[in-house]
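User: Please take a close look at the surroundings of one bound molecule in this model, and then work outward from there to the parts of the chain that help to place it in context.

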Amino acid sequence: MSPMTIEERLALNKYDVDTEAHIRLNENICQECQPRICLYICPAECFKLRDGRLSFAYEGCLECGSCHVCCDKGAIDWSYPRGGFGVAFEYG
Ligand code: SF4
Ligand code: SF4
């Protein structure tokens, strides 16, 4: 049996998504940022470029904290989701 791909592993996670975002970006800072390292660092691909603008979706967040650590512009207001919300890792 071949090992599972990252995409297959991510598909096993369950998410109880809060209506309140647990991560917020300062869009003015992000708009001016280069090279936008968050685009390359997030394992869940929550950060994307759309028509040259950064878009962010917190719903698929794995709560790893990498974006907060790596953003060198201080543009990320980061916290864990409120109690009971967020990702549940099913099979590692
Ligand atoms: S690295 Fe930080 S400032 Fe730059 S685009 Fe990403 S979140 Fe915004
Ligand atoms: S905490 Fe991790 S998974 Fe969530 S948005 Fe940041 S880098 Fe992506």
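Analyst: A residue is taken to be near a molecule if one of its heavy atoms lies within 4 Å of it. The model is a predicted one, and in it the residues around ligand 1 are Ile29, Cys30, Cys33, Arg36, Ile37, Cys38, Leu54, Cys71, Lys73, Ala75 and Ile76. By class, this shell divides into nine nonpolar residues, no polar ones and two charged ones.

One of the residues around ligand 1 is Arg36, which lies in the loop between H2 and H3. Its phi is near 55 degrees, a positive value in a residue other than glycine. Arg36 is buried because its relative accessible area is 6%, and the cut-off for that class is under 20%. In that loop between H2 and helix H3, which spans 38-41, Pro35 is also found, and a cis peptide bond with omega of about 5 degrees joins Gln34 and Pro35.

Cys30 and Leu54, which are among the residues around ligand 1, also appear in the lining of the largest pocket, where they are joined by Leu25, Glu27, Gln31, Arg53, Ser55 and Phe56. The elements that give two or more residues to this lining are helix H2 (27-32) and strand S4 (53-56), and the largest share, four residues, comes from S4. The volume of the largest pocket is about 160 Å³, and its lining is made up of four nonpolar, two polar and two charged residues.

Asp51 is found in the loop between strand S3 (47-50) and S4. Like Arg36, whose phi is near 55 degrees, Asp51 has a positive phi in a residue other than glycine, here near 50 degrees. Asp51 counts as exposed because its relative accessibility is 84%, whereas Arg36 is buried.

Turning to the second ligand, 13 residues surround ligand 2, and those that come nearest are Cys42, Cys61, Cys64, Gly65 and Cys67. The shell of ligand 2 divides into ten nonpolar residues, two polar ones and one charged one. Cys61, one of those that come nearest to ligand 2, is also in contact with His22, and the other contacts of His22, leaving aside its neighbours within four places in sequence, are Tyr58, Glu63, Asp77, Trp78, Ser79, Tyr80 and Pro81. His22 sits in the loop between strand S1 (14-16) and strand S2 (23-25), and it counts as buried because its relative accessibility is 8%.

Another loop residue, Asn13, lies between H1 and S1 and is buried, with a relative accessible area of 12%. Leaving aside its neighbours within four places in sequence, Asn13 is in contact with Leu62, Val87, Ala88, Phe89 and Glu90.

Helix H1 (residues 6-10) can be set against the shell of ligand 1 by way of two of its residues, one of them Glu8 and the other Glu7. Glu8 and Ala75, the latter a residue around ligand 1, are 67 residues apart in sequence and 31 Å apart in space, C-alpha to C-alpha. For Glu7 and Lys73, the separation is 66 residues in sequence and 30 Å in space, again C-alpha to C-alpha. Glu8 counts as partly exposed, at 41% relative accessibility, and Glu7 counts as exposed, at 57%. A polar atom of the side chain of Glu8 lies 2.9 Å from the backbone nitrogen of Thr5.

Definitions and conventions. Residues are numbered from 1 along each chain as its sequence is written. Chains are lettered from A and ligands numbered from 1 in the order in which they are written. This is a predicted model: local features need pLDDT of at least 70, side-chain atom pairs count only at pLDDT 80 or more; totals for chains, interfaces and linings use all residues. Side-chain values use heavy atoms; hydrogens and water are left out. On a 1 Å grid over the protein atoms alone, a cavity is a set of points where a 1.4 Å probe fits but cannot get out, and a pocket is an open set with protein on both sides within 12 Å along at least five of seven lines; lining residues have an atom within 4 Å of a point. Grid points are joined across faces, edges and corners, and a volume is the space filled by probe spheres set on the points. Ala, Val, Leu, Ile, Met, Phe, Trp, Tyr, Cys and Pro count as nonpolar, Asp, Glu, Lys and Arg as charged, and the others, Gly among them, as polar. Buried means under 20% relative accessible area, exposed over 50%, partly exposed in between (1.4 Å probe, protein chains only). A polar contact is a pair of N or O atoms within 3.5 Å; within protein, one must be able to donate a hydrogen and the other to accept it, and residues adjacent in sequence count only if both atoms are side-chain atoms. Contact means heavy atoms within 4.5 Å.
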